[in-house]
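Please work through the following exercises with the sequence and the model at hand. Each task is followed by a solution in steps.

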Amino acid sequence: MEPFLGTWVLESSQNFEAYLEQLGVPAAFRPLAAAEKPRISISATAAGHMHIRTETSLRSTEIAFKLGEEFDETTADNRQVRSIVTLDRGSLVHVQKWLGQETTIERQVVAGKMVAKHTMNSVVSTRVFRKV
């Protein structure tokens, strides 16, 4: 978990609008959301709880959870989902489920950068963040 802790800013993004389309984000909103440069802060407490705060000019969200335990989440696009975050072979894997649908955000730290792979159906978006 240690490599993920800190503040990260978006450096590059591929195929994010297509991923947003899979989520059901309205067409008029997708380009605005894709153009954002989110700032993500990841922290952990001694009790084992994690916090992920995502800030953009459009909307900020924060989730607090314990690894391996399900929790309710309201996403940036206002979906009400049931989520679980696990640590799997060095990857922070975040699964969101709602209305019979599922998406996964898998974060890895590679060469000092956080690579986030967003997957829904057969669509994959890769976003790379640098630590600040």
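The exercises below treat the sheet, the cavity and the salt bridges in turn.

The model is a predicted one, in which local features need pLDDT of at least 70 and side-chain atom pairs count only at pLDDT 80 or more, while totals for chains, interfaces and linings use all residues. Residues are numbered from 1 along each chain as its sequence is written, and side-chain values use heavy atoms, with hydrogens and water left out.

**Exercise 1. The sheet**

Determine the order of the strands in the sheet and name the edge strands.

Solution.

Step 1. Strands (E, at least two residues) and helices (H or I, at least four) are DSSP runs numbered from the N terminus. Two strands pair if DSSP finds at least two bridges between them.

Step 2. Ten strands make up an open sheet with antiparallel pairing, in the order 4-3-2-1-10-9-8-7-6-5.

Step 3. Strand 4 and strand 5 are the edge strands, since each pairs on one side only.

**Exercise 2. Pairs and turns**

Follow the pairing from strand 5 to strand 9 and identify the turn residues with a positive phi.

Solution.

Step 1. Strand 5 pairs with strand 6 (residues 80-88) over four antiparallel bridges. Here Phe71 stands opposite Ser83 in strand 6.

Step 2. Strand 7 and strand 8 are antiparallel and share seven bridges, with Trp98 opposite Gln101 in strand 8. These two strands form a hairpin with two residues between them, and Leu99 in the turn has a positive phi of about 45°.

Step 3. Strand 8 is joined to strand 9 by seven bridges, again antiparallel. Ile105 faces His118 in strand 9 as its opposite residue. The hairpin of strand 8 and strand 9 also has two residues between the strands, and Ala111 takes a positive phi near 50°.

**Exercise 3. The cavity**

Describe the largest cavity by its volume and its lining.

Solution.

Step 1. On a 1 Å grid over the protein atoms alone, a cavity is a set of points where a 1.4 Å probe fits but cannot get out, and lining residues have an atom within 4 Å of a point. Grid points are joined across faces, edges and corners, and the volume is the space filled by probe spheres set on the points.

Step 2. The count is one cavity of 30 Å³ or more. The largest cavity holds about 630 Å³ of space.

Step 3. Its lining has 30 residues; nearest the centre lie Phe16, Thr54, Thr61, Ala76 and His118. Elements that give two or more residues include helix 1 (16-23), strand 3 (49-55) and strand 9 (113-120). Helix 1 gives the largest share, four residues.

**Exercise 4. Salt bridges**

Find the partners of Arg53 and state how accessible each residue is.

Solution.

Step 1. A salt bridge is a side-chain nitrogen of Lys or Arg within 4 Å of a carboxyl oxygen of Asp or Glu. The whole structure has eight salt bridges.

Step 2. Arg53 bonds in this sense to Glu55, with the closest N and O atoms 3.0 Å apart, and to Glu62, with the closest N and O atoms 3.7 Å apart. Arg53, Glu55 and Glu62 are thus linked in a network of salt bridges.

Step 3. Buried means under 20% relative accessible area, exposed over 50%, and partly exposed in between (1.4 Å probe, protein chains only). Arg53 is partly exposed because its relative accessibility is 30%. Glu55, at 31%, is partly exposed, and Glu62, at 48%, is partly exposed.

Key: 1 Å grid on protein atoms, 1.4 Å probe; cavity = no way out; pocket = protein on both sides within 12 Å on 5 of 7 lines; lining within 4 Å.
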